[in-house]
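This report covers selected local features of one protein model. The sequence and structure come first, and the notes follow.

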Amino acid sequence: MQLIYEKSREGCRAITFDALDVPEAPLPAGLLRAEAARLPELGEIEVVRHFTNLSRRNFGVDSHFYPLGSCTMKYNPKMAEAVAAEPGLARLHPHLSSSPAYWPACQGALQLVYETERLLAEIGGMKQVSIQPIAGAHGELAGTLLIAAYHRAKGRHRDTILIPDSAHGTNPASAAIAGFKVVQIPSAPDGTLDVGAFKAALNDSVAAIMLTCPNTHGLFEPGIREIAAAAHEHDTLLYYDGANLNAIIGQCRPGDLGFDVMHFNLHKTFATPHGMGGPGCGPVGVGPRLEPFLPGPRVVKDGDAYSLVTPEQSIGKMSCFFGNFMIAVRAYAYIRHLGDKGLKEVAQYAVLNANYIHARLKDAYTPAFGLRFMHECVFTAAPQAKKGVKALDIAKALLDRGYHAPTIYFPLTVKESIMIEPTETESKQTLDDFCDAMLEIAALADRNDNDLAHAPFTMPVGRLDEVKAARELNCAC
């Protein structure tokens, strides 16, 4: 496909600007270009067709099944998009929240923030929630800063956070950015946390342990109450990574399991757009011990009016205004639309879909742990790798069959890992078609089909030299 510059024809125009209706103010000579910017010149229809055709070469949740495990991109219902496009919300200027004089003009938005935070707190079993963090990892950072503030207020120095070896990479990164040392806790052979190793690592320097439950192996931690009790004996806090909340939403609550602080991934559990460098939202929730330290300002309700206050011991702002407010609007619409019954069904279908995929693929791909998973299933392609077909080859072959690749080589605890998470939104037909493609690839691997090592064949770009691309970022690979 041609670059847009290669299509350029001198003199073509896509738009004609109206005459200025204000006096022209020439730029200072020192700011002017020596020569005109080299911009492509095309007609409007050529521009539209160029970018429309480019978009058709992309994988996206509206066009393809995304079976990524752990931080899945789930379908975003258009109902929530319509709510976020309401003029009373979309056209509201953020600076209306900056002064008490403007608060009467944005009561609806403040009420929505207040109610969203209360709904999330109820869902998570938390005392309070702040929607300020602008991504899941940003919510993690907020949580670790809250943990640091709690221990600092107690007048003690705790410099260590315990993290399982199967954790998301953002967990140790967030802990380190917040100033903590990270100590890794191994997994037991069955894929759950080694409780004995955890207890052995507990001492008076440990501020918290960061856990995902179900964990990154797709397994619920059966020893979670024992872990919580042991941690709280040392006044060590439990942090809940909300990446896998969709597996238990409406069935149990992290706060009831003993967690003191958590973040929510709105893009995954509550069907809002995934961040990927763009807008995201990772609200942080806390139990009673951490409530005084929440990011400020906070929306409070007095009678029928809403206003802002900043708690005295607050860690301060995590982002301007209320983070990416319109992402929270989408989550609010999704939660209110589903209600209590619908949210419970989210977990039921998420777990059902993952176990259906597991049941269909377990004879062709080796399950990493046990016979039952929660929201995602983890396989190892080690047997295929011995025949010359690696997890990477399987992922590339799926692209030719119209599917985004699942997560591969993560978690790091599983050799040749293939992690698949369908979420609750996919139909049985989609799951069957995907499993058929996976089984076809497994059969080709059994026959030592050499083509798998060179897939994909149908994409705009074929197999790249990924090592070269990583090491020589400016090269044409």
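## Asp-235 after helix 8

The model is predicted. Helix 8 is followed by Asp-235, which has a positive phi, near 55°. Most residues other than glycine have a negative phi. Asp-235 sits in the loop that runs between helix 8 (224–233) and strand 5 (237–242).

Asp-235 has a relative accessible area of 14%, and since buried means under 20%, Asp-235 is buried. Its side chain makes a polar contact, at 2.8 Å, with the side chain of Arg-289. Leaving out residues up to four places away in sequence, Asp-235 touches Tyr-150, His-151, Lys-154, Arg-156, Arg-158 and Arg-289. Arg-289 therefore appears both in this list of contacts and as the polar partner of the Asp-235 side chain.

## Helix 8 and its two sides

The buried residues of helix 8 include Ile-224, Ile-227, Ala-228, Ala-230 and Ala-231. Seen down the helix axis, the buried residues of helix 8 fall within an arc of 165°, so they line one face of the helix. An α-helix has 3.6 residues a turn, so residues three or four places apart point the same way.

Exposed residues Arg-225 and Glu-233 are carried on the face of helix 8 turned away from its buried side. The cover over the buried residues of helix 8 includes helix 7 (195–201), strand 4 (206–211), strand 5 and helix 9 (254–257). Strand 5 thus has a part in this cover and also bounds the loop that holds Asp-235.

## Cavities

How many cavities of 30 Å³ or more does the structure hold? There are two. The largest encloses about 80 Å³ of space. It is lined by 13 residues, and the closest to its centre are Pro-164, Ser-166, Leu-211, Thr-212 and Asn-215. By type, the lining of the largest cavity divides into five nonpolar residues, seven polar and one charged.

The second largest cavity has a volume of about 60 Å³. Its lining is made up of Val-61, His-64, Phe-65, Tyr-66, Thr-72, Met-73, Lys-74, Tyr-75, Pro-422, Thr-423, Thr-425 and Glu-426. Six of the lining residues of the second largest cavity are nonpolar, four are polar and two are charged.

## Thr-423 and Glu-426

Two residues from the lining of the second largest cavity, Thr-423 and Glu-426, are taken up here. Thr-423 is found in the loop between strand 13 and helix 14. Its phi is positive, near 60°, in a residue other than glycine. Thr-423 is buried, with a relative accessible area of 3%.

Glu-426 lies in the loop between strand 13 (417–420) and helix 14 (428–446). Apart from neighbours within four places in sequence, Glu-426 is in contact with Phe-65, Asn-353 and Leu-431. Phe-65 also belongs to the lining of the second largest cavity. Glu-426 and His-157 are 269 residues apart along the chain, and their C-alpha atoms are separated by 48 Å.

## Cis peptide bonds and Tyr-409

Most peptide bonds are trans. The bond from Cys-213 to Pro-214 is cis, with omega near 5°, and Pro-214 is found in the loop between strand 4 and helix 8. Another cis peptide bond joins Ala-455 and Pro-456, with omega about 5°. Pro-456 is placed in the loop between helix 14 and helix 15 (466–471).

Tyr-409 is not a glycine, yet it has a positive phi of about 60°. This residue is found in the loop between strand 12 (407–408) and strand 13. Tyr-409 counts as partly exposed, at 32% relative accessibility.

## Ser-130 and Glu-122

Ser-130 lies in strand 1 (residues 128–130). Is Ser-130 buried or exposed? Ser-130 is buried, with a relative accessible area of 2%. The side chain of Ser-130 reaches the backbone nitrogen of Gln-132 at 3.3 Å. Not counting residues up to four places away in sequence, Ser-130 touches Glu-117, Pro-283, Val-284, Leu-294, Pro-295 and Arg-298.

Glu-122 lies in helix 4 (residues 107–124). With a relative accessible area of 54%, Glu-122 is exposed. Glu-122 and Tyr-66 are 56 residues apart in sequence and 29 Å apart in space, C-alpha to C-alpha.

Conventions. Residues are numbered from 1 along each chain as its sequence is written. This is a predicted model: local features need pLDDT of at least 70, side-chain atom pairs count only at pLDDT 80 or more; totals for chains, interfaces and linings use all residues. Side-chain values use heavy atoms; hydrogens and water are left out. Helices (H or I, at least four residues) and strands (E, at least two) are DSSP runs, numbered from the N terminus. Buried means under 20% relative accessible area, exposed over 50%, partly exposed in between (1.4 Å probe, protein chains only). A polar contact is a pair of N or O atoms within 3.5 Å; within protein, one must be able to donate a hydrogen and the other to accept it, and residues adjacent in sequence count only if both atoms are side-chain atoms. Contact means heavy atoms within 4.5 Å. On a 1 Å grid over the protein atoms alone, a cavity is a set of points where a 1.4 Å probe fits but cannot get out, and a pocket is an open set with protein on both sides within 12 Å along at least five of seven lines; lining residues have an atom within 4 Å of a point. Grid points are joined across faces, edges and corners, and a volume is the space filled by probe spheres set on the points. Ala, Val, Leu, Ile, Met, Phe, Trp, Tyr, Cys and Pro count as nonpolar, Asp, Glu, Lys and Arg as charged, and the others, Gly among them, as polar. The arc is that of the directions from the helix axis to the C-beta atoms.
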